[in-house]
Amino acid sequence: MIRFDGAAKRHPDGTLAVEGLDLTVPQGRTTVLVGPSGCGKTTILRMVNRMVEPTSGRVLLDGADVARLDAAKLRRGIGYVIQQAGLFPHRRVVDNIATVPRLLGWDRRRARKRAMELLELVGLAPETARRYPFQLSGGQQQRVGVARALAADPPLLLMDEPFSAVDPVVRAGLQDELLRLQAELNKTVLFVTHDIEEAVRLGDQIVVLREHGRIAQVADPATLLAAPADEQVAAFLGRDRGLRGLALRPATDIPLRPAGEPFEGWTLTVDQDGRPTGWQGPARAPVDGVPLDRTETIRQVAVYQPGADTLRTALDSAVLSPARAAVAVDRDGRVLGLAPRAAVLDALDAAGPDTRTQPAAGITASGVTDGR
Ligand SMILES: Nc1ncnc2c1ncn2[C@@H]1O[C@H](COP(=O)(O)OP(=O)(O)OP(=O)(O)O)[C@@H](O)[C@H]1O
C-alpha cells in the first residue's frame, strides 16, 4: 500500500508542482491518476520511487517513509514503465527484460530464463528475444517495457502514460493485456494517463486531479461516471458518460426470443453453423398497386455475447438492428436468440443507476467538491 501524507513538491524555480497530496493507493489494485496536462501526475508517481523528492510531507510504502530507504534498492523493488518504453537501444530484448534480475545478482542463465517466461506472459514470440528495440513495433516495445518492469516480480508497478504513444487499436490491445495480467498477478499498480477512457477501463480506483495535484474526486469508475463531484469533473469526463458507464455493466439475463421467427417483419438469417449472416426484410409495399417481390436484405449483424459483453454492446446491437432487437450469440458466434430493444432497456433499469453500485472492496468512493 502507498500512502501520500501531505506530499508536496515545489521546484527550485518556485513552480508548485504538487501542493500537498493526501491519498491512499490500495494493495493489489489499479489506481489511475488522471487529469489535465501539467497537473502533477508524473511528479506524484515519481515521488514513490524517489525520482522526485517531496519538499514537504511524506510518501509511505507499506508504512515505511521512502525518504529513509536506499533509493537504488527501492527502485529495484518497483516496476517502472514509461511512455515509449524507454528500452536500452543497444541491448537485445532478452537483456532489456533481464536488467533488474541481473542487478539483483541473478546469474545470466536464470535471468534469461525468467526473461523468456516474461516474453510469453506479455504475448510476444520467443524469437523477439534476440531482436534490438529498434526492430520492434511501438506496441511490441511497450510489451517489452511491461515485461522488463515485471521481471523481478515486484509487488508495485508505476506506469506513466505507458500506452499513449501507440495507435488506438494497439493501445486497446495493450490495455486488454494489462487487465489480463492484473487479474493473474494482482500487483499494486499506480497508472498515469490523461485519457479518461483509459482510466475507466483500467482503474479500480480513479483519482481525478486538478492543477497542483489537488484531488477533485476519488472514486471507482462506475461511481465517477454516474456521480461526478462537480461541474468541472463532469466536463472532464466528457459527453456520453452515461453511455460509457454502460460499458462497465455486464449484459446478462436479458430475456431472449427465438431467433427463427420473424421479428417486426425482419428475419435473421443464419449459416449452417447457426452464425448470423444478415437480416431479411419485409416485402416492400406495393407501388401503384403493383406488388414488388423483392425484399430488403441487410448483411451486417451487430451481436453481443451475454455474460461476456456489456450492456453498451447489447444496446449497440439493438440500436443497429433493423428489427429493433439485439442479437445474442454464444462464444462461438452462434445465435442464441433475440433481445428486443425494450428488453435491453428494461435490463438497464434493472441494473439500476450506477450510483447504487457498490465500490469494489478496498476502494472508498469519496467526492471532494473542490480542491480545498
Ligand atoms: N524540473 C522542473 N522545474 C520546474 N517545474 C517543473 C519541473 N518539472 C515539472 N515541473 C512543473 O510541474 C508541474 C507538474 O508537472 P508534471 O510533469 O508532474 O505534470 P503532468 O500532470 O504529469 O503533465 P503531463 O500530463 O503533461 O505529462 C508542471 O507545471 C511542470 O511544468
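## Strand E3 and its partners

Two strands are taken to pair if DSSP finds at least two bridges between them. The model described here is predicted. In it, strand E3 covers residues 30-34 and has two parallel partners, E8 and E9. With strand E8 (residues 188-193), E3 shares five bridges. With strand E9 (residues 205-210), E3 shares four bridges. Valine 32 of E3 lies opposite phenylalanine 191 in E8 and also opposite isoleucine 206 in E9.

Five of the five residues of E3 are buried, so the strand is largely enclosed by the rest of the structure. A residue is called buried when 20 or more other C-beta atoms lie within 10 Å of its own. The burial applies to both faces of E3: Thr30, Val32 and Val34 are on one side, and Thr31 and Leu33 are on the other.

## The antiparallel sheet

Strands of a sheet pair through backbone hydrogen bonds, in either a parallel or an antiparallel sense. An open sheet of four strands has the order E2-E1-E4-E5, with antiparallel pairing. At its edges are strand E2 (16-25) and strand E5 (64-65), each of which pairs on one side only.

Within this sheet, strand E1 (residues 2-10) runs antiparallel to strand E4 (residues 56-61), and five bridges join them. Aspartate 5 is positioned opposite arginine 58 in E4.

## Helix H7

Helix H7 spans residues 168-185, a run of 18 residues. The distance from its first C-alpha to its last is 25 Å, close to the 26 Å expected at 1.5 Å a residue. Arg171, Leu174 and Leu178 are the buried residues of H7. Viewed down the helix axis, these buried residues fall within an arc of 60°, so they line one face of H7. Their cover includes helix H6 (138-150) and helix H8 (196-202).

On the face turned away from the buried side, H7 carries the exposed residues Val169, Asp176, Ala183 and Glu184. Asparagine 186 follows the helix and has a positive phi, near 50°.

## Surroundings of the ligand

The residues around the ligand are His11, Asp13, Thr15, Ala17, Ser37, Gly38, Cys39, Gly40, Lys41, Thr42, Thr43 and His194. By class, this shell contains two nonpolar, eight polar and two charged residues. Helix H1 (residues 41-48) supplies the largest share of the shell, three residues.

Methods:
Residues are numbered from 1 along each chain as its sequence is written. This is a predicted model: local features need pLDDT of at least 70, side-chain atom pairs count only at pLDDT 80 or more; totals for chains, interfaces and linings use all residues. The expected span of a helix is 1.5 Å times one less than its number of residues. A residue is buried if 20 or more other C-beta atoms lie within 10 Å of its own, exposed if 12 or fewer, and partly exposed in between; C-beta atoms are placed from the backbone. The arc is that of the directions from the helix axis to the C-beta atoms. Two residues are in contact if their C-beta atoms, placed from the backbone, lie within 7 Å. A residue is near a molecule or strand if its C-beta atom, placed from the backbone, lies within 6 Å of it. Ala, Val, Leu, Ile, Met, Phe, Trp, Tyr, Cys and Pro count as nonpolar, Asp, Glu, Lys and Arg as charged, and the others, Gly among them, as polar.
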